[in-house]
Amino acid sequence: MPVYKAEAIVIRRVSLGEADRLVTLYTRDRGKIATVAKGARKPRSRFAGRLELFTHLRALLAIGRTLDVVSQIEVVEPHAGIRADLQRMGHAAFIAEITDRATADREAAPELFAALRSALRMASVGDAELAAMWYAAQVLVLTGHGPIVDRCVICGRGVSRGAVFSLALGGALCQADRGRDAQASPASAVALAAMGFLRETQAAALSKLALERRHRDEVAGLLQRYLEYRLETRLKSPSIIQKMV
Ligand SMILES: [Zn+2]
């Protein structure tokens, strides 16, 4: 079988048959790839502990008839901090889930890979909640749905008090235009500014964002609902996070 190398992050894992595992990799150069790791669930598998969820790795993959087959693994970064903490795990699960939902098979997006890697690193050793919010904003931008939050999507004027966020129109509506979408939800000026910061900033600069708990919850809620609207899906991970906190 022809083989190829890939730098990748494990975003999904399910059992397959008696001893195998179906592993979804998000690769730097080829986007999302479904692979099979044969014998991975056997106690003495050479993959034991090395194909964990969120692991950043280098793999040698063999091109299979339907699924590519994992041949060799070299762990680059296990992101072990995530698995040591339930809250980190919840936020990282959200990061992995939206990567899976927002991407099609084998569509390369190196910028998305870089954002995913940064987000998981931060989820492992930094502020995991902020990492998840930042990554949600990055996924929206990189899939062409970056929310417009620095001005009204109708009239283009700045927004402040009385503004709302419209899922259907993809951004903020000023007080005068809020009637354009009856479904739009109230959005504070702080939350809109924070969303603007999250979409524009690099992961390394995230610590500059100081948000009170209520504004964090507001931003997280807006980003989650907007992602669900754009991806036309209900996300599983946010409800898990809410049960844990
Ligand atoms: Zn307006």
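Here are four short exercises on this predicted model, each with a worked solution. Residues are numbered from 1 along each chain as its sequence is written. Because the model is predicted, local features need pLDDT of at least 70 and side-chain atom pairs count only at pLDDT 80 or more, while totals for chains, interfaces and linings use all residues.

**Exercise 1. The barrel**

Work out in which order the strands close into a barrel, and find the bridge partner of T24.

Solution. Start with the elements: helices (H or I, at least four residues) and strands (E, at least two) are DSSP runs, numbered from the N terminus. Two strands pair if DSSP finds at least two bridges between them. Going round, 5 strands close in the order β1-β2-β3-β5-β4, with mixed pairing. From one strand to the next, the twist averages 50°. (Axes are lines fitted to C-alpha atoms, for helices over the stretch in contact, and angles run from 0 to 180 degrees between N-to-C directions.) Now look at one pair: β2 (residues 20-27) and β3 (residues 31-37) are antiparallel over 7 bridges. Within β3, A34 is the bridge partner of T24.

**Exercise 2. α2 against α3**

Decide how α2 and α3 are oriented to each other, and list the residues that meet.

Solution. Two packed helices are described by the angle between their axes and the distance between the axes. Here the axes of α2 and α3 come within 9 Å and cross at roughly 170°. That makes α2 roughly antiparallel to α3, a label for angles over 145 degrees (under 35 is roughly parallel, 65 to 115 roughly perpendicular, the rest oblique). Next, take contact to mean C-beta atoms, placed from the backbone, within 7 Å. R88, H91, A92, I95 and T99 of α2 then meet L116, A119, L120, A123 and S124 of α3. Sorted by class, this contact has 6 nonpolar, 3 polar and 1 charged residues. (Ala, Val, Leu, Ile, Met, Phe, Trp, Tyr, Cys and Pro count as nonpolar, Asp, Glu, Lys and Arg as charged, and the others, Gly among them, as polar.)

**Exercise 3. The other side of the story for α3**

Describe the contact of α3 with α4, and then find what covers the buried residues of α3.

Solution. The axes of α3 and α4 (residues 128-142) come within 8 Å and cross at roughly 170°, so these helices are roughly antiparallel to each other. On the α3 side, the contact includes E111, L112 and M122; on the α4 side, W134, Y135 and L142 are among the residues involved. By class, the contact of α3 with α4 has 11 nonpolar, 1 polar and 1 charged residues. For burial, count other C-beta atoms, placed from the backbone, within 10 Å of a residue's own: 20 or more is buried, 12 or fewer exposed, and in between partly exposed. The buried residues of α3 include F113, L116 and L120. Their cover includes β1, β2, α1 (80-83), α2 and α4.

**Exercise 4. Three single residues**

Find out whether E218, R106 and E232 are buried or exposed.

Solution. Begin with E218, which lies in α6 (residues 213-231). With 22 other C-beta atoms within 10 Å, E218 is buried. E218 touches S188 and A191, leaving aside residues up to four places away in sequence. Move on to R106, in the loop between α2 and α3: R106 has 11 such neighbours within 10 Å, so it is exposed. Finally, E232 sits in the loop between α6 and α7 (237-244) and counts as exposed, with 7 C-beta neighbours inside 10 Å. As a last step, check the backbone. Most residues other than glycine have a negative phi. R106, not a glycine, has a positive phi of about 55°, and E232, also not a glycine, has a positive phi of about 50°.

Notes
Contact = placed C-beta atoms within 7 Å.
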